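This report describes a protein chain for a reader who is new to structural analysis. Please keep the sequence and the three-dimensional view at hand while reading.

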Amino acid sequence: MVRGKTQMKRIESNASRQVTFSKRRNGLLKKAFELSVLCDAEVAAVVFSPSGKLYEFSSSSMSNIIERYQRKAKDPGSSAETTENDLQNLKGNSLDMMVKKIELLDISKRRLLGEVLDTCSIEELQSTQNQLERSLSRIRARKLMQNQILKGQTEQLKHKEKKLLDENRKLRAKNDELEPLKSVTEPQEVPRGRGLDVETELSIGCPRRQRLYIDPHEDCLSIH
């Protein structure tokens, strides 16, 4: 569960205020002890509870630390000067370290390019060779990985191409099967300008009476 941000104001509840005081007091004294051990510093911490009870921690004699503090407090100029000197020393040291790091990086780069090798010792040449071999191994491994990725992508594209070709072949075969059926079911168009040759006999008016005629020369009948 994430703790919410504590508001920096007086805790109204007496019980909550007492619990918070105990926790924060123990944390403060613990940090003072860690600072004295890790950094070899003289640390003194004095805490009075709301009821006036004293809690303290000192890495050495409390009285000696208080006397030292009083002497420093009487001469604020020397304290400020010491702080300024410390800051200047830190800046100078940081700048020198940065310059040295840049010089070392430049030399290492030139050695990797095969330059300034005449002044190198056997150990430095061996170190440069080992560094180049490690770099070459990483490059080869990366190249192999890229080749495998490209090979996999190529195989996928070939599979898709084969699948599309099969589908295209099936569609062509289906179209060839349906082509004769289309020619049978489709109605034939009559060319323009040409009609059907139909013989019709049309007469206007009343139909004529037909007479039976016997030809004396031929044994047949004719209708007129």
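In this predicted model, the count of salt bridges comes to 4. Side chains of opposite charge can pair when their charged atoms come close. The table lists three of these pairs, among them one that links distant parts of the chain.

| Salt bridge | Closest N to O distance |
|---|---|
| Arg10 and Glu12 | 3.5 Å |
| Arg68 and Glu42 | 2.1 Å |
| Arg169 and Asp166 | 2.8 Å |

Arg68 and Glu42 meet in a salt bridge with an N to O distance of 2.1 Å. This pair links distant parts of the chain, since Arg68 belongs to helix 2 and Glu42 to the loop between helix 1 and strand 1, 26 residues apart. Arg68 has a relative accessible area of 43% and is therefore partly exposed. Glu42, at 45% relative accessibility, also counts as partly exposed.

The side chains of Asp166 and Arg169 form a further salt bridge. Both residues lie in helix 4 (residues 122–185), where they are 3 residues apart, about one turn of the helix. Asp166 is partly exposed, with a relative accessible area of 30%. Arg169 reaches 51% relative accessibility and therefore counts as exposed, because the cut-off for that class is over 50%. In the pair of Glu12 and Arg10, both residues are exposed.

Aromatic residues form another group of contacts. How many aromatic pairs does a search of the whole structure find? The search finds 2 aromatic pairs. One of them joins Phe33 and Phe57, whose ring centres are 6.2 Å apart and whose planes stand at 85°, so the pair is edge-to-face. This pair, too, links distant parts of the chain: Phe33 lies in helix 1 (residues 14–39) and Phe57 in strand 2 (residues 54–58), 24 residues apart. Is Phe57 buried or exposed? Phe57 is buried, with a relative accessible area of 18%, whereas Phe33 is partly exposed at 46%. Together with Val37 and Leu38, Phe33 forms a nonpolar patch on the surface, with about 350 Å² of accessible area together.

A ring also takes part in a contact with a charge. The charged end of Arg25 sits over the ring of Tyr55, 4.2 Å from its centre. Tyr55 also touches Ser49, which has Phe21 as a further contact. Ser49 is found in the loop between strand 1 (44–48) and strand 2. With a relative accessibility of 9%, Ser49 counts as buried, because the limit for that class is under 20%.

Met62 is another buried residue, with a relative accessible area of 14%. Met62 lies in helix 2 (residues 62–74). Leaving aside residues up to four places away in sequence, Met62 touches Ala44, Ala45, Val46, Glu56 and Phe57. Met62 and Glu42 are 20 residues apart in sequence, and their C-alpha atoms are 9.7 Å apart in space.

The chain as a whole can now be considered. Its secondary structure comes to 4 helices and 4 strands, which follow the pattern α-β-β-α-α-α-β-β along the sequence. Of its 224 residues, 7% count as buried. The protein chain exposes about 21,700 Å², of which carbon and sulfur atoms supply 55%. Among contacts between residues at least 6 apart in sequence, 14% join residues at least 24 apart.

Terms used: Residues numbered from 1 in each chain as written. Predicted model: local features only at pLDDT ≥ 70, side-chain atom pairs only at ≥ 80, totals over all residues. Heavy atoms only, no water. Helix = DSSP H or I, 4+ residues; strand = E, 2+ residues; numbered from the N terminus. Buried < 20%, exposed > 50% of the residue type's maximum accessible area, 1.4 Å probe, protein only. Contact = heavy atoms within 4.5 Å. Areas by Shrake-Rupley, 256 points an atom, 1.4 Å probe, with all protein chains shown as cover. Phe/Tyr/Trp six-rings, centres within 6.5 Å; stacked < 30°, edge-to-face > 60°. Lys NZ or Arg CZ within 6 Å of the ring centre and 35° of its normal. Patch = residues over 30% accessible without salt bridge, like charges linked within 9 Å, V, L, I, M, F, W, Y side chains within 5 Å.
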